[in-house]
Amino acid sequence: MTTVVFLLLPGVHLLDLAGPAQAFFTAGDFGHPYDLRFVSGTPASGATPGSPGPDGAVVASAQGLPLVAGTDWPALGPDDLVVVPGWRVGGDPGAWPRLSAEARERLRAHHAAGGTVASVCAGSDALGQAGLLDGRRCTTHHAVQDALAARHPRAHVVRDVLFTSDDGVVTSAGIASGIDLSLHLLAVRHGPALAARVAREMVVYARRNGTEPQASAMLRHRSHVDDTVHRAQDHIDEHFARTLPLADLAARAGVAERTLTRAFTRATGVTPLRYQQLLRRERAEHLIEQGATMESAARTVGFEDSRSLRRLRAVADG
């Protein structure tokens, strides 16, 4: 079972934590369980009166709800995740929470071993404290982008995007974007169908920001409330590597072919075929990034050979 460690610092925003935790928890309802762990990043300064003892610390949230977090890290492998939720920032960046030496080393070691580290909102500063933003693209809440750039001058702070992903370091903009980041990670790990099911279970469809390279095709075209189109998209998400005749999609959606095409294009901005092609290309790109050949990636996502994939990529790049 994949472990997700949430590294908690004083003043943590509840939604920065709860949104991603809910997404990974919900994935378990669809056959992909995650073991959620909560660890204090600053055990000494983060503890408050009423701490449960040497094996745990109480971390105060920005909203006033005390959170109990462990002080011992679980053993982690390359498939596991570490997520740093953001905290309430004041006017003085020098007063932001400081990671313990152990937390910094754990973050560095996990990434060096091939694991993924992620942050929500100001949590990107914690990754910077561990040296993981140096030379990499990152983002954070718009209100603290200047401060992040000043604190970590070797980082490439990207503005006006929802999230970034660079060499196993994933950062998101702020607050609710942690849900989008989590859905992206689920889509990368398990495919768009699983992410779509989790999103629908959480009643989350809208992509609020971001540029196309950072936003998954599934989420970009789910920002509507047309149930007929969602039914068709659910089937495409689940079977995008197969041939999907329009007649079959229309039957599943319970409407005529022309009605589905009009509704689909109106709701998503693309035709059903184009939507399927976008899913195929995005999945193929991920496989290629993981070391697959162009030919192997093309066949995995449903093309007979790499020529169709090359044409699709050329159109996207042009």
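At 56% relative accessibility, Arg307 counts as exposed. The model examined here is predicted. The partner of Arg307 is Asp305, and the two side chains meet in a salt bridge. The N to O distance is 2.8 Å. Asp305 has a relative accessibility of 17%. Asp305 therefore counts as buried, since the limit for that class is under 20%. The bridge thus joins an exposed arginine to a buried aspartate.

A second pair lies elsewhere in the sequence. Arg37 forms a salt bridge with Asp35. Their closest N and O atoms are 3.0 Å apart. Arg37 is partly exposed, at 36% relative accessibility. Asp35 is also partly exposed, at 23%. Both values fall between the limits of 20% and 50%, so neither residue is classed as buried or as exposed.

A third pair sits within a helix. Arg106 and Glu102 both belong to helix H3, which spans residues 101-112. The two residues are four apart, and so about one helical turn separates them. Their side chains form a salt bridge, with the closest N and O atoms 3.5 Å apart. This distance satisfies the criterion because the cut-off is 4 Å. Arg106 has a relative accessible area of 34% and is partly exposed. Glu102 is partly exposed as well, with a value of 37%.

Side chains of opposite charge can pair when their charged atoms come close. Such pairing also extends beyond two residues in this model. Arg200, Asp227 and Asp234 are linked in a network of salt bridges. The network contains one arginine and two aspartates. For the protein, the count comes to twelve salt bridges.

The overall fold was then described. The protein contains 14 helices and ten strands. One of the helices is H3, the element that holds Arg106 and Glu102. The protein has 318 residues, of which 52% count as buried. Asp305 is one of the buried residues.

Contacts were examined by their separation in sequence. Among contacts between residues at least 6 apart, 64% join residues at least 24 apart. The surface was considered last. The protein exposes about 14,100 Å². Carbon and sulfur atoms supply 51% of this area.

Note on methods
Residues numbered from 1 in each chain as written. Predicted model: local features only at pLDDT ≥ 70, side-chain atom pairs only at ≥ 80, totals over all residues. Heavy atoms only, no water. Buried < 20%, exposed > 50% of the residue type's maximum accessible area, 1.4 Å probe, protein only. Contact = heavy atoms within 4.5 Å. Areas by Shrake-Rupley, 256 points an atom, 1.4 Å probe, with all protein chains shown as cover.
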